[in-house]
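Grab a pencil and work through these short exercises with the model open beside you. Each task comes with a worked solution.

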Amino acid sequence: MRLHRSLRQYPNFPSPGILFEDILPLFADPLLHQSLIRALELHVTNSYGEKQTPDVIVGLEARGFLFGPSLALKLGAGFVPVRKPGKLPGLTETAAFEKEYGKDFFQIQSNGIKPGQRVLIVDDIVATGGSAAAAGSLVKKLGGILLGYVFILELDFLKGREKLDAPVHTLLSSQEEKN
């Protein structure tokens, strides 16, 4: 698949032993970007049908912001960001999640999702699943109906999908070093 081949890998970034997957080349090429959004759009419409498409796409900071708004436009949905604390104005709700080096937090604006709205959460990669699970808890806290999670890439060996309580779709999976 052309999308997978376009990803760049950086060994030992940001720390020794990590093989970093860089999705930014997908956005540097307009045809790749268009293919990515179309693949995500097809997944959503095929999985949920026209009557169950999301009302809101929630994108996780920061890479979920790169394609979440484009997908939302294609689906006729709104876009709501989930960010680190102190980045959103107004009243917010907060959820904690565990990272490999400690606890972190996500926030969403308290009026970002209305009770009963159907919500799909998007991000670039599902690794341990902690940040996506925190976003899911925020959606539910605001009364949203969590339809599922969509990611570009899954690092299967970290089993992050096991922490998520709604259907998970990834376009690409596994992590193998490219030659």
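**Exercise 1: Two phenylalanine pairs**

Start with Phe13, which counts as partly exposed because its relative accessibility is 46%; the cut-offs are under 20% for buried, over 50% for exposed and in between for partly exposed, with a 1.4 Å probe and protein chains only. Before going on, note that this is a predicted model, where local features need pLDDT of at least 70, side-chain atom pairs count only at pLDDT 80 or more, and totals for chains, interfaces and linings use all residues. Residues are numbered from 1 along each chain as its sequence is written, and side-chain values use heavy atoms, with hydrogens and water left out.

*Task.* Classify the ring pairs Phe13–Phe20 and Phe97–Phe106.

*Solution.*
- Step 1: get the rule straight. Rings of Phe, Tyr and Trp (its six-membered ring) pair if their centres lie within 6.5 Å; planes under 30 degrees apart are stacked, over 60 edge-to-face, and the rest tilted. That rule gives 4 aromatic pairs here.
- Step 2: take Phe13 and Phe20. Their ring centres are 5.2 Å apart and the planes sit at 85°, so call this pair edge-to-face. Phe20 is buried, at 19% relative accessible area.
- Step 3: now Phe97 and Phe106. The centres are 5.0 Å apart and the planes make 40°, so this pair is tilted. Phe97 is buried at 7%, and Phe106 is buried at 2%.

**Exercise 2: A loop residue**

*Task.* Where is Asn111 found, and is Asn111 buried or exposed?

*Solution.*
- Step 1: find the loop. Asn111 is between strand 6 (102–109) and strand 7 (118–126); strands are DSSP runs of E, at least two residues, and helices are runs of H or I, at least four, numbered from the N terminus.
- Step 2: check the accessibility. Asn111 has 58%, so it counts as exposed.
- Step 3: compare sequence and space. Gly130 is 19 residues from Asn111 in sequence, and their C-alpha atoms are 23 Å apart.

**Exercise 3: The whole chain**

*Task.* What does the radius of gyration say about the 179 residues of the protein?

*Solution.*
- Step 1: count the elements. There are 5 helices and 9 strands, in the order α-β-β-α-α-β-α-β-β-β-β-α-β-β from the N terminus.
- Step 2: apply the globule rule, 2.2 Å times the number of residues to the power 0.38, with the radius taken over C-alpha atoms. A compact globule would come out near 16 Å, and the protein has 16 Å, so the two agree.
- Step 3: add the burial. Of the 179 residues, 46% count as buried.
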